[in-house]
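Dear colleague,

I am passing on the structure we spoke about, with the sequence beside it. Please have it open while you read, since the notes below go through it part by part.

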Amino acid sequence: MEIINEIKFTMPSLSVNESTARAVVSSFLIQADPTVEELSDIRTAVSEAVTNCIVHGYRHKKGNIELTVRLLPERIAYIRIKDKGCGIKDIKQAMEPLFTTAPEEERSGLGFSVMESFMDKLSVRSIPEKGTIITMRKKLSSHGE
């Protein structure tokens, strides 16, 4: 995979860092001059992914969240969010709308659905007790399209 540019960022699994992740992704992707709507979509998907790491992956424990953002050829934004938390036993079930493992925290169970709706591609890989990797891609429009 050819990479035009890349940034890697590691942050502790604190809820305050959800906004930090959005800011890092936004600041990096500005170089590709995305539309306001594209940037908003990506920021929302990143928020959902990072929140999943904090709430579900680490479940009241602290750990690190690794964020990788790449610009690929043909104006593709690539985002990978990785945790080393509890992992997901049944990815298919976890991706069902309204399914949540944290109902006591009044979670809606729409995180993966939101990510899928705002990004062009979503991939979830997970190993129980080892962690989860969420990979998302979005093709940015060219100006004048």
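How many helices and how many strands does the chain have? There are four helices and five strands, and along the sequence they follow the pattern β-α-α-β-β-α-α-β-β. Please keep in mind throughout that this is a predicted model, and that the values in this message are computed from it.

**The sheet and the helix across it**

The five strands form an open sheet in the order β1-β2-β3-β5-β4, with antiparallel pairing. Its edge strands are β1 and β4, each of which pairs on one side only, and neighbouring strands of the sheet are turned against each other by 10 degrees on average, if direction is ignored. Between β1 and β2, which run antiparallel, there are eight bridges; if you would like a place to start looking in β2, Leu 67 of that strand stands opposite Phe 9.

Helix α2 lies across β1, β2, β3 and β5, and runs at about 10 degrees to β3.

**The nonpolar core**

In soluble globular proteins, nonpolar side chains tend to be buried together. Here the largest nonpolar core has 32 residues, and the members that touch the most other members are Leu 29, Ile 42, Val 46, Leu 67, Ile 79, Ile 81 and Met 136. At least two residues of this core come from each of α1, α2, β2, β3, α4 (111-118) and β5, while the largest share, eight residues, is supplied by α2.

Ile 42 is a useful residue to display with its surroundings: leaving aside residues up to four places away in sequence, Ile 42 touches Val 25, Leu 29, Ala 77, Ile 79, Met 119, Lys 138 and Leu 140.

For the chain as a whole, buried residues make up 46% of the 145 residues. Among contacts between residues at least 6 apart in sequence, 67% join residues that are at least 24 apart. The chain exposes about 8100 Å², of which carbon and sulfur atoms supply 51%.

**Salt bridges**

The structure holds four salt bridges, and I describe some of them here. In one of them, the side chains of Glu 6 and Arg 70 meet at 2.5 Å, N to O. This pair links distant parts of the chain, with Glu 6 in strand β1 (residues 5-12) and Arg 70 in strand β2 (residues 64-72), 64 residues apart. Are the two partners buried or exposed? Glu 6 counts as partly exposed because its relative accessible area is 32%, whereas Arg 70 counts as buried because its relative accessibility is 12%.

Asp 41 and Lys 138 form another salt bridge, with their closest N and O atoms 3.6 Å apart. Here too the pair links distant parts of the chain: Asp 41 is in helix α2 (residues 36-57) and Lys 138 is in strand β5 (residues 131-139), 97 residues apart. Both Asp 41 and Lys 138 are buried, and Lys 138 is also one of the residues that Ile 42 touches.

The salt bridge between the side chains of Arg 22 and Glu 18, at 3.1 Å, N to O, lies within one element. Both residues are in helix α1 (residues 17-29), four residues apart, which is about one turn of the helix. Arg 22 is partly exposed, with a relative accessible area of 21%, and Glu 18 is partly exposed as well, with 24%.

**Two backbone angles to look at**

Most residues other than glycine have a negative phi. Which residues have a positive phi although they are not glycines? Glu 74 has a positive phi of about 65 degrees, and Glu 129 has a positive phi of about 70 degrees. Glu 74 is in the loop between β2 and β3 (76-83), and Glu 129 is in the loop between β4 (121-127) and β5. Glu 74 counts as exposed because its relative accessible area is 64%, and Glu 129 likewise counts as exposed, at 61% relative accessibility.

With best wishes

How values were computed:
Residues numbered from 1 in each chain as written. Predicted model: local features only at pLDDT ≥ 70, side-chain atom pairs only at ≥ 80, totals over all residues. Heavy atoms only, no water. Buried < 20%, exposed > 50% of the residue type's maximum accessible area, 1.4 Å probe, protein only. Core = buried A, V, L, I, M, F, W, Y, C linked by side-chain atoms within 4.5 Å. Contact = heavy atoms within 4.5 Å. Areas by Shrake-Rupley, 256 points an atom, 1.4 Å probe, with all protein chains shown as cover. Pairing = 2+ DSSP bridges. Axes fitted to C-alpha atoms, helices over the stretch in contact; angles between N-to-C directions.
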